[in-house]
Amino acid sequence: MRTRTFWRNFWEDESGMGVVEVILIIVVLIGLVIIFKNQITAVVNEIFEKIVSQSRSV
């Protein structure tokens with residue numbers, strides 16, 4: 001009977017769900033970065049070029 005109670009409590013315990021959700025969000029974000037890597041790189045390079053060009057005029 002104790003084993004059945006242990007497994008029932010273990011199955012109904014949701015304390016680890018936050019960790020699983022965070023890991024899934026991180027996996028999705030990494031996937032998006034891999035898919036849009038070229039576009040992200042282009043945008044970042046453009047921003048840095050603008051920063052450098054505007055800092056020269058100061």
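## Talking through a three-helix chain

Tutor: Let's start with the rings: this predicted model holds 1 aromatic pair.

Student: Which residues make the pair, and why is it called edge-to-face?

Tutor: The partners are Phe6 and Trp7, with ring centres 5.2 Å apart and planes at 75 degrees. Centres must lie within 6.5 Å to count as a pair, and planes over 60 degrees apart count as edge-to-face. The 5.2 Å and 75 degrees pass both cut-offs, so edge-to-face is the right name.

Student: What makes Phe6 partly exposed?

Tutor: Phe6 has a relative accessible area of 47%. Buried would need under 20% and exposed over 50%, so a value in between is called partly exposed.

Student: How do you know that Lys50 and Glu46 form a salt bridge?

Tutor: Look at the gap between their side chains: 3.7 Å from N to O. The rule asks for a Lys or Arg nitrogen within 4 Å of an Asp or Glu carboxyl oxygen, so this contact qualifies. By that rule the count is 1 salt bridge.

Student: Where do these two sit in the chain, and how far apart are they in helix H3?

Tutor: Both belong to helix H3, residues 37-56, and they are 4 residues apart, which means about one helical turn separates them.

Student: Are Lys50 and Glu46 buried or exposed?

Tutor: In between! Lys50 has 46% relative accessibility, and Glu46 has 44%. Both values fall between 20% and 50%, so each residue counts as partly exposed.

Student: How many of the residues of the chain count as buried?

Tutor: The share is 0% of the 58 residues.

Student: What is the pattern α-α-α about?

Tutor: That is how the chain reads along its sequence: there are 3 helices and 0 strands.

Student: What radius of gyration does the chain have, set against a compact globule?

Tutor: The chain has 24 Å, whereas a compact globule of 58 residues would be near 10 Å. Its C-alpha trace spans about 80 × 25 × 10 Å along the principal axes.

Student: Which helices have the lowest and highest mean pLDDT?

Tutor: Helix H1, residues 2-12, has the lowest at 83, and H3 has the highest at 93. Across the chain the average is 88, with 91% of the residues scoring at least 70.

Notes. Residues are numbered from 1 along each chain as its sequence is written. Side-chain values use heavy atoms; hydrogens and water are left out. Rings of Phe, Tyr and Trp (its six-membered ring) pair if their centres lie within 6.5 Å; planes under 30 degrees apart count as stacked, over 60 as edge-to-face and the rest as tilted. Buried means under 20% relative accessible area, exposed over 50%, partly exposed in between (1.4 Å probe, protein chains only). pLDDT is the predictor's confidence in each residue, from 0 to 100. The radius of gyration is taken over C-alpha atoms; the globule rule is 2.2 Å times the number of residues to the power 0.38.
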